[in-house]
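Here is a set of short exercises to work through with the sequence and the coordinates side by side. Try each task on your own before reading its solution.

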Amino acid sequence: GGEEDAEVKADAGPSHYSSGPVALPMSPEEKMMQVRNYAESHSIRLDDQCAKKLSRLPWFRAKDLIDEVLLGGRDRQGVRNPSRYLNNRVEKLTVPLGVEQGIAMELAVSLGVVLNNDALDELASIPRKESHAIIRELAKGSHGSDPMSYVMEEVYKCREYFKSLTNDENDDFEVQ
């Protein structure tokens, strides 16, 4: 009934979330799927490690590297093991962290929080204000010995919250 709806709206999301619709960047999983789908559409199967490394690159660069495999590698002689070839190419590029990952890392380090690249990738997939709130919570030290699960859980909640805002907004445009 009406009371349940009121409870749901009251618990729409933590107070540190931005208000209004936000265009979220792709999550790390969505980026991996984009890379994997593109490769598979060209009959190239990538192992998980390779898909993950490619997903950390800007999309145009990952796509170019997959296209390079299709053309037979740098020397155009053919590529027997696409995952190994791509892993080596990505490592040679030595891509630094993305801008958002770098900003999150600076804040984390300044607060004494240690985060790995996976956690930084997750935090980069939500608005900066929210990722900084999560890092500040971690700095308080009340989240046990597994900061990664806390980050994953909070990023998931945040993304779901923003998706619900987008869905609510789209509901307004339904044709009666």
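**Exercise 1. Describe the overall make-up of the chain: how much of it is buried, and which secondary structure does it hold?**

Solution. Start with burial: of the 176 residues in the protein chain of this predicted model, 35% are buried. Next, go through the secondary structure: there are nine helices and zero strands. Reading along the sequence therefore gives the pattern α-α-α-α-α-α-α-α-α. Finally, turn to the contacts with a separation of 6 or more: 64% of them involve residues 24 or more positions apart.

**Exercise 2. Find the aromatic pairs, and work out which geometry each one has.**

Solution. Begin with a search of the whole structure, which returns two aromatic pairs.

- Y38 and W59 have ring centres 5.6 Å apart and planes at 85 degrees, an edge-to-face arrangement. Y38 belongs to helix 2 and W59 to helix 4 (residues 59-70), so this pair ties together parts that are 21 residues apart in sequence.
- Now check burial for these two residues. Y38 has 15% relative accessibility and so counts as buried. W59, at 31%, counts as partly exposed.
- For Y161 and F162, the ring centres are 5.3 Å apart and the planes meet at 65 degrees, so this pair is edge-to-face. Y161 and F162 are both buried.

**Exercise 3. Place Q34 in its surroundings: which residues does Q34 contact beyond its sequence neighbours?**

Solution. First locate the residue: Q34 sits in helix 2. Its relative accessible area is 26%, so Q34 is partly exposed. Then set aside neighbours within four places in sequence, and the contacts that remain are M26 and W59. W59 is also the ring partner of Y38. For a distance across the sequence, take the C-alpha atoms of Q34 and A62: the two residues are 28 apart along the chain, and the atoms are separated by 9.9 Å.

**Exercise 4. Compare two loop residues, S27 and I126: where does each lie, and what does each touch?**

Solution. Take S27 first. S27 lies in the loop that joins helix 1 (2-10) to helix 2 (28-41). With 8% relative accessibility, S27 counts as buried because the cut-off is 20%. Not counting residues up to four places away in sequence, S27 touches S125 and R159.

Now move to I126, which is placed in the loop between helix 7 (117-124) and helix 8 (128-139). I126 has 3% relative accessibility and so is buried. Leaving aside neighbours within four places, its contacts are L24, P25, S131, I134, V155, C158 and R159. R159 thus appears in the contact lists of both S27 and I126. As a last step, consider I126 and A23: they are 103 residues apart in sequence, with C-alpha atoms 9.1 Å apart in space.

**Exercise 5. How many disulfides does the structure hold, and are C50 and C158 buried or exposed?**

Solution. The disulfide count is zero. For the cysteines, C50 has a relative accessible area of 0% and is therefore buried. C158, a contact of I126, has 0% as well, so C158 is buried too.

**Exercise 6. Look at the backbone of S43 and R76: what sign does phi have in each?**

Solution. Recall the background: most residues other than glycine have a negative phi. Then read the angles.

- S43 has a phi near 60 degrees, a positive value. S43 is in the loop between helix 2 and helix 3 (48-55), and its relative accessible area of 69% makes it exposed.
- R76 has a phi near 55 degrees, again positive. R76 is in the loop between helix 4 and helix 5 (82-93), and at 46% R76 is partly exposed.

**Exercise 7. Characterise the second largest pocket: what is its volume, and which residues line it?**

Solution. The volume comes to about 200 Å³. The lining consists of G72, G73, R74, D75, Q77, G78, V79, R80, N81, R84 and Y85. Sort these residues by class, with glycine taken as polar, and the lining has two nonpolar, five polar and four charged residues.

Notes. Residues are numbered from 1 along each chain as its sequence is written. This is a predicted model: local features need pLDDT of at least 70, side-chain atom pairs count only at pLDDT 80 or more; totals for chains, interfaces and linings use all residues. Side-chain values use heavy atoms; hydrogens and water are left out. On a 1 Å grid over the protein atoms alone, a cavity is a set of points where a 1.4 Å probe fits but cannot get out, and a pocket is an open set with protein on both sides within 12 Å along at least five of seven lines; lining residues have an atom within 4 Å of a point. Grid points are joined across faces, edges and corners, and a volume is the space filled by probe spheres set on the points. Helices (H or I, at least four residues) and strands (E, at least two) are DSSP runs, numbered from the N terminus. Buried means under 20% relative accessible area, exposed over 50%, partly exposed in between (1.4 Å probe, protein chains only). Contact means heavy atoms within 4.5 Å. Rings of Phe, Tyr and Trp (its six-membered ring) pair if their centres lie within 6.5 Å; planes under 30 degrees apart count as stacked, over 60 as edge-to-face and the rest as tilted. A disulfide is a pair of cysteine sulfur atoms within 2.5 Å.
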